[in-house]
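Notebook open, structure on screen. I want to go from the ring pairs outward to the sheet and the core.

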Amino acid sequence: MLIIKRWLSVLVVFVCIITLSGCKNEVGQVYFNARVLEVNDGYVDVRCLEAFNSGISVDEEFPVTMDVESSKGVPEMNVDDNIRVVFNGEIMERYPLKLGTVYAIYLLDEKGEIIPNN
């Protein structure tokens, strides 16, 4: 009987550990790379080039707000610039696609690396 209680205790602890490890509240960056198609007042029209973990389809075209959470604002963008858009992962509508909170927009260099906003 003592052995059964011990194994039951071990099993309960194991289940609790697994359950709690699945409840981590990690906020990862959700982002994608895009090409600027048009610069407008308050937003840019983009085409997704690399989806990464965003859930956005490559070649999808949609507007992205320039009202970002970053204290550094957004860089000056021109048509055909490559950019990285970091957002909270929420996609509000399907057509045209509308993102949730946009955290930051960065210009990319010719290697696809981020150019820090100054």
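Before counting ring pairs I fixed the rule: rings of Phe, Tyr and Trp (its six-membered ring) pair if their centres lie within 6.5 Å, with planes under 30 degrees apart counted as stacked, over 60 as edge-to-face and the rest as tilted. I also noted that this is a predicted model.

**Entry 1: aromatic pairs**

How many aromatic pairs does the structure hold? I get three. I looked up Phe 32 with Phe 62: the ring centres are 5.6 Å apart and the planes stand at 55°, so I log this pair as tilted. Phe 32 sits in strand β1 and Phe 62 in strand β3, 30 residues apart, which makes this a link between distant parts of the chain.

Next I took Phe 32 with Phe 87. This aromatic pair is edge-to-face, at 5.9 Å centre to centre and 75° between the planes. Phe 87 belongs to strand β4 and Phe 32 to β1, so the pair ties together parts 55 residues apart in sequence. Put together, ring pairs make a cluster of Phe 32, Phe 62 and Phe 87.

Are these rings buried or exposed? Buried is what I find for Phe 32 and Phe 87. The relative accessible area of Phe 32 is 0%. Phe 62 comes out at 3%, and since the cut-off for buried is under 20%, Phe 62 counts as buried too.

**Entry 2: the sheet**

I read the chain from the start and wrote down one helix and eight strands, in the pattern α-β-β-β-β-β-β-β-β. Which order do the strands take in the open sheet? I traced six strands as β3-β2-β1-β4-β7-β8, with antiparallel pairing. The edges are β3 and β8 (114-115); each has a single partner strand, so one side of each lacks a neighbour in the sheet.

I then checked the pairing of β1 with β4, which is antiparallel and runs over six bridges. One residue match I jotted down there is Ala 34 with its bridge partner Ile 83 in β4.

**Entry 3: the β5-β6 hairpin**

Strand β5 (residues 91-94) is antiparallel to β6, and three bridges join them. The two form a hairpin with two residues between them. Across it, I find Glu 93 opposite Lys 98 in β6.

**Entry 4: the core**

Which residues have the most contacts inside the largest nonpolar core? That core has 21 residues, and my list reads Phe 32, Val 64, Ile 83 and Leu 99. The elements giving two or more residues to it are β1 (30-39), β2 (43-50), β3 (61-65), β4 (82-87), β6 (97-99) and β7 (102-108). β1 gives the largest share, four residues.

I followed Leu 99 a bit further. Leaving out residues up to four places away in sequence, Leu 99 touches Phe 32, Ile 56, Phe 62, Val 64, Val 85, Phe 87, Glu 90, Ile 91 and Met 92. So my ring cluster from Entry 1, Phe 32, Phe 62 and Phe 87, turns up again among the contacts of Leu 99.

**Entry 5: whole-chain numbers**

Of the 118 residues in the chain, 27% are buried. The chain exposes about 8300 Å², and carbon and sulfur atoms supply 54% of that. Among contacts with a separation of 6 or more, 47% are between residues 24 or more positions apart.

Key: Residues are numbered from 1 along each chain as its sequence is written. This is a predicted model: local features need pLDDT of at least 70, side-chain atom pairs count only at pLDDT 80 or more; totals for chains, interfaces and linings use all residues. Side-chain values use heavy atoms; hydrogens and water are left out. A nonpolar core is a set of buried Ala, Val, Leu, Ile, Met, Phe, Trp, Tyr and Cys residues joined through side-chain atoms within 4.5 Å. Buried means under 20% relative accessible area, exposed over 50%, partly exposed in between (1.4 Å probe, protein chains only). Contact means heavy atoms within 4.5 Å. Two strands pair if DSSP finds at least two bridges between them. Accessible areas come from the Shrake-Rupley method with a 1.4 Å probe; for residues, only the protein chains shown count as cover.
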